[in-house]
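Reader: I'm new to looking at protein models. Could you walk me through how to read one?

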Amino acid sequence: MTELRDLYQAVILDHNNNPRNYGKLTLANRHAEGVNPLCGDQVNVFFRLGDDVSVKEVGFEGRGCAICMASASIMTETVKHLSVVQADQYVTAFCSLAVGENSDFTGRLDLSTLNILAGVKAYPARIKCATLAWHTARSALSKGGASVTTET
Amino acid sequence: MNIPRASTQGALSPLDVEAVRRDFPALHQQVNDRPLVYLDSGASSQKPEQVIEALNNYERHDHSNVHRGVHTLSQRATEAYEASRTKVQQFINARSVKEVVFTRGTTEAINLVAQSYGRAKLQSDDEILITEMEHHANIVPWQLLCEQTGAKLKVVPFDDTGVLEMSRLKDQLTEKTRIVAVTHVSNALGTVNPVGQIIQLAHDAGAVVLVDGAQAIPHGPVDVTALECDFYAFSGHKVYGPTGIGVLYGRESLLEDMPPWQGGGDMIKTVSFDETTYNDLPYKFEAGTPHIAGAIGLGAAVDYVTALGSDCIAAHEHQLINYATERANAEKDMHIFGQAPVKAGILSFALDGIHPHDIGTILDQEGVAIRTGHHCAMPVMTHYGVSATARASFGPYNTIDDIDVLFRAMDKVREMFRQ
């Protein structure tokens, strides 16, 4: 159970129970949907970008496991007020962290909050739960909002 | 399928479960430092030594191509392959081995019927009737057929207890209905459908019936002749046999009349560039070198189930599902999806406020293997407004103790989430 507690830390359970920035943004100008067809997890991510191409507002809604929901919640807190370029760097850094690897941005960004989710690397079947919202955010920000699937 | 009613706690199993367990080597291992409790037979069952040995023996000594060679190994392979067909024929009580087509599994068997029978027989405005509780394998092939022919798909709903609404089925069966495709046992709910009655109603309306037997075959006796069904499909790997092998039973007169689905070797009599004549049943539907080892393994699995007795397996699993249901009903935060009066050994459930994937991961740490997700039955999930459920499914090697371990592990799930 000790190892499991690394995965299900109190902070993660708190984000799951009280997700931050939850809900559709009425003034969103970027949006993407992400699904994991194998398990039915689904997230919608919304952004309102300002004229300076930074994230003014972010929101998400969807359904999934505690890891998926907590990760989506943490993602929204992470990228709020960042430029699109910085946000994308965090997506890269997080997706590396989730599989226990370093990325080009690992030493340069503050990943202390994201490290809460690092325990997922011990559960290969659950890594996609953690990364779904991040891939979806990247799609919304940089790929014109194409739908994201964990199975390609 | 006739499932005897049995009392639950303290009842003596009709099986010598300890002896059964000794036959299944995969059960005897530690997972995450706990003894494995395998409650995912509905997704894929484990294999007994007898099946593993048959596969091993074939690969080591008898492998060659079937129906081709004059040499000894080819004859041995052919004999073993065809002996398996006979075993399957007797197991499901088909009238003839011509009615037993080997496929890759249930999915391929259903696609075969949709593409061969369906494309030849259906026209625009014909109707195909399925149910709301079907596995995707018994939905999507018919949707493809509808796109190809202009036929329309009609869906019979089930009520909140997971029982098919027979009055709606009767209403939806019309002179336009050409095919009724229904699951014998729901993989997501455990419901045993009254397929005998459905077949009679469908025949009265002039429709043919395909029964998806993937979940039914491992859980009790099936007699396709008594059922009078037209097509019956099942998979080897859910009945203690290998993956990649399955069976399509088809009524001989229907199969005879159907065009081949795939072309290639083995399914022809003569080939020239002007004309090709097709082989006799069942080879007309077995193009290319088949999964010989798989068929032989399935034959061994059929022998194994026959020796245990399908009735005994059904009665044993009935005790397990009754016990598991009683325990689940005693938990205030637990909800069962599928409370039909007649169920196979499948318990689909949710815990308040905890997603099934999280349950699955925590149970795995306790050595308990269950399935979580939509079970390839997304319309069932939609019916209940959920995206996933947790599912424990039972086989002849499971015990009351296994269920107790499951419920103890569920306490760990609560502990993890409700601090």
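Author: Sure, we'll go from confidence to the interface, then to a few local details. Keep in mind that this is a predicted model.

Reader: Okay, so what mean pLDDT does chain A have?

Author: The mean for chain A is 92, and 97% of its residues reach 70 or more. Chain B averages 95, with 97% of the residues scoring at least 70. For the model there are two more scores, ipTM 0.89 and pTM 0.94.

Reader: And where in chain A is confidence lowest, and where is it highest?

Author: Lowest is strand E4 (residues 148-149) of chain A, at a mean of 82, while H3(A) is highest, at 97.

Reader: Where does pLDDT stay under 50 in chain B?

Author: Here's the general idea: where pLDDT is low, the predicted coordinates shouldn't be read in detail. In chain B that applies to residues 2-9, where pLDDT stays under 50. The model does give that stretch 23 contacts beyond four places in sequence.

Reader: Got it. Now the interface: how many residues of each chain are in contact?

Author: Chain A brings 20 residues, and they're in contact with 18 residues of chain B. The area buried between the two chains is about 1600 Å², and carbon and sulfur atoms give 58% of that.

Reader: Which residues form the salt bridge between chain A and chain B?

Author: In general, side chains of opposite charge can pair when their charged atoms come close. Between chain A and chain B the count is one salt bridge. The partners are Arg126(A) and Asp358(B), with the closest N and O atoms 2.8 Å apart. By class, the side of chain A that touches chain B has 13 nonpolar, three polar and four charged residues.

Reader: How many salt bridges does the whole structure have?

Author: A search over all chains finds 28. One inside chain A pairs Glu77(A) with Arg20(A), and there the closest N and O atoms are 3.9 Å apart. This pair links distant parts of the chain: Glu77(A) sits in helix H3 of chain A, Arg20(A) in the loop between H2 and strand E1 (30-36), and they're 57 residues apart.

Reader: What about backbone angles? Which residue other than glycine has a positive phi?

Author: The background is that most residues other than glycine have a negative phi, and most peptide bonds are trans. Asn21(A) has a positive phi, near 55 degrees. You'll find Asn21(A) in the loop between H2 and E1 of chain A.

Reader: And where is there a cis peptide bond?

Author: Look at the bond from Leu281(B) to Pro282(B), which is cis, with omega near 0 degrees. Pro282(B) is in the loop between strand E12 (276-278) and helix H10 (292-308) of chain B.

Reader: Last one: which residues of chain A does the UniProt domain annotation cover?

Author: An unreviewed UniProt entry annotates residues 8-129 of chain A as "domain: NIF system FeS cluster assembly NifU N-terminal". In the model, that span is 33% helix and 20% strand, and its end C-alpha atoms lie 13 Å apart.

How values were computed
Residues numbered from 1 in each chain as written. Chains lettered and ligands numbered in written order. Predicted model: local features only at pLDDT ≥ 70, side-chain atom pairs only at ≥ 80, totals over all residues. Heavy atoms only, no water. Contact = heavy atoms within 4.5 Å. Buried area = accessible area lost by both parts, 1.4 Å probe. Salt bridge = Lys/Arg side-chain N within 4 Å of Asp/Glu carboxyl O. Nonpolar A, V, L, I, M, F, W, Y, C, P; charged D, E, K, R; others polar. pLDDT = per-residue confidence, 0-100. UniProt positions renumbered as here; feature names shortened; annotations may be inferred. Helix = DSSP H or I, 4+ residues; strand = E, 2+ residues; numbered from the N terminus.
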